[in-house]
Amino acid sequence: LFAGQTEFVKGVVAMSGLPDADRMEVCFAGRSNVGKSTLINALTGHKALARASNTPGRTQEINFFTAGEGHYLVDLPGYGYANAPLPIVEKWQRLLKQYLSGRQTLRRAFVLIDARHGVKKVDHEIMSLLDSSAVTFQCVLTKVDKVKLVDREKVLDQVRGELSKHPAAFPEVVMTSSEKGDGIETLRAIIATLV
Ligand code: GTP
Ligand code: MG
């Protein structure tokens with residue numbers, strides 16, 4: 001599914017620019033800097049297909065990538081905070097919400113949570129938006145390489161507690177490290193069953 005044939009399709013700044021909804025897609029949402037773009041690179045085995053950086057607000061468009069037989073992997077701008085002027089950030093946030101609530105072919109949203117920080121208020125808000133749009137979402141813990149095993153368990157409990165409040169949540173949480181490769185194969189397998 002992910003073997004060597006991933007391509008960047010387009011970056012979208014308005015709903016009117018979305019590619020035709022003619023195939024299934026999964027998207028990666030989460031606070032700025034949580035590791036969305038890096039995770040897409042890890043999943044597809046590319047170093048810099050999706051542009052990542054240490055500056056929150058790196059991804060400013062909805063970026064579509066094709067993988068395998070042609071389903072889309074969708075890299076979203078982050079929410080929560082960003083190093084960009086407020087009117088611009090507000091523009092992405094609007095687009096992000098429109099996309100998450102209005103894309104017919106969106107099969108599942110992966111909501112990424114930094115394993116050091118757990119679920120924040122903004123994550124809760126996005127999850128509630130997904131509930132009301134009836135988009136199934138699944139939580140992915142990122143950067144687990146930065147967290148000791150005992151602390152991982154604590155965060156996992158907090159995330160599971162949060163998920164129990166959300167009807168659209170898929171119960172299984174995936175723990176990943178794009179750096180070390182943990183969970184990447186598991187996540188690939190999940191995506192393969194969806195598209
Ligand atoms: P925005 O596009 O700004 O919303 O950020 P993003 O969620 O796409 O984050 P990005 O992938 O750009 O990664 C942010 C930073 O986290 C980069 O410096 C990455 O190298 C780092 N990072 C991402 N994943 C991991 C991981 O698994 N482990 C570690 N240690 N660092 C990571
Ligand atoms: Mg990004």
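This note walks through a predicted model, point by point.

1. **Confidence.** Start with how far the model can be trusted. The mean pLDDT of the chain is 92. Of its residues, 96% reach 70 or more. For the complex, the predictor gives an ipTM of 0.99 and a pTM of 0.96. One general caution applies: where pLDDT is low, the predicted coordinates should not be read in detail.

2. **Overall layout.** The chain holds 5 helices and 7 strands. Read from the N terminus, the order of elements is β-β-α-β-β-α-β-α-β-α-β-α. The radius of gyration is 15 Å, close to the 16 Å that the globule rule gives for 195 residues, so the chain is as compact as a globular protein of that length. Along the principal axes, the C-alpha atoms fill a box of roughly 45 × 40 × 30 Å.

3. **Burial and contacts.** How much of the chain is buried? Buried residues make up 41% of the 195 residues. Now consider contacts between residues at least 6 apart in sequence. Of these, 73% join residues at least 24 apart.

4. **Strands 1, 3 and 4.** Begin with strand 3, residues 62-67. Strand 3 pairs with strand 1 through 5 bridges, and the two run antiparallel. Glu7 stands opposite Thr66 of strand 3. Strand 3 also pairs with strand 4, residues 71-75. That pairing is antiparallel too, over 5 bridges. Here Phe65 has Leu73 in strand 4 as its bridge partner. Strand 3 is mostly covered, with 5 of its 6 residues buried.

5. **Lys10 in strand 1.** Strand 1 covers residues 7-12 and contains Lys10. Is Lys10 buried or exposed? Lys10 is exposed, because 12 other C-beta atoms lie within 10 Å, and a residue counts as exposed at 12 or fewer. Leaving out residues up to four places away in sequence, Lys10 touches Pro19 and Phe64. Lys10 and Thr66 are 56 residues apart along the chain, yet their C-alpha atoms are separated by 9.8 Å.

6. **Strands 2, 5 and 6.** Here the pairings are parallel. Strand 2 and strand 5 run parallel and are joined by 6 bridges. Cys27 has Ala109 in strand 5 as its bridge partner. Strand 5 pairs with strand 6 as well, in the parallel sense, over 6 bridges. In that pairing, Phe110 is matched with Gln138 of strand 6. Strand 5 is mostly covered: 8 of its 9 residues are buried.

7. **Helix 3: length.** Helix 3 has 13 residues, 121-133. At 1.5 Å a residue, helix 3 should span 18 Å. Its end C-alpha atoms are 19 Å apart, which agrees.

8. **Helix 3: two sides.** Which residues of helix 3 are buried? They are Asp123, Ile126, Met127 and Leu130. These residues cover an arc of only 100° around the axis, which puts them on the same side of helix 3. The general reason is simple: an α-helix has 3.6 residues a turn, so residues three or four places apart point the same way. On the other side of helix 3, Lys121 and Ser132 are exposed.

9. **What covers helix 3.** Several elements help to cover the buried residues of helix 3. Among them are strand 2 (25-30), strand 5 (106-114), strand 6 (137-142) and strand 7 (169-175). Helix 2 (86-102) is also included.

10. **Ala134.** Helix 3 is followed by Ala134. Ala134 lies in the loop between helix 3 and strand 6. Its phi is positive, about 55°, although Ala134 is not a glycine. Ala134 is exposed, because 9 other C-beta atoms lie within 10 Å, and the cut-off for exposed is 12 or fewer.

11. **Asn33.** Where does Asn33 lie? Asn33 is in the loop between strand 2 and helix 1 (36-44). Asn33 has a positive phi of about 80° although it is not a glycine. Asn33 is buried, because 23 other C-beta atoms lie within 10 Å, and 20 or more count as buried.

Conventions: Residues numbered from 1 in each chain as written. Chains lettered and ligands numbered in written order. Predicted model: local features only at pLDDT ≥ 70, side-chain atom pairs only at ≥ 80, totals over all residues. Helix = DSSP H or I, 4+ residues; strand = E, 2+ residues; numbered from the N terminus. Expected span 1.5 Å × (residues − 1). Arc of directions from axis to C-beta. Contact = placed C-beta atoms within 7 Å. pLDDT = per-residue confidence, 0-100. Rg over C-alpha atoms; globule rule 2.2 N^0.38 Å. Pairing = 2+ DSSP bridges.
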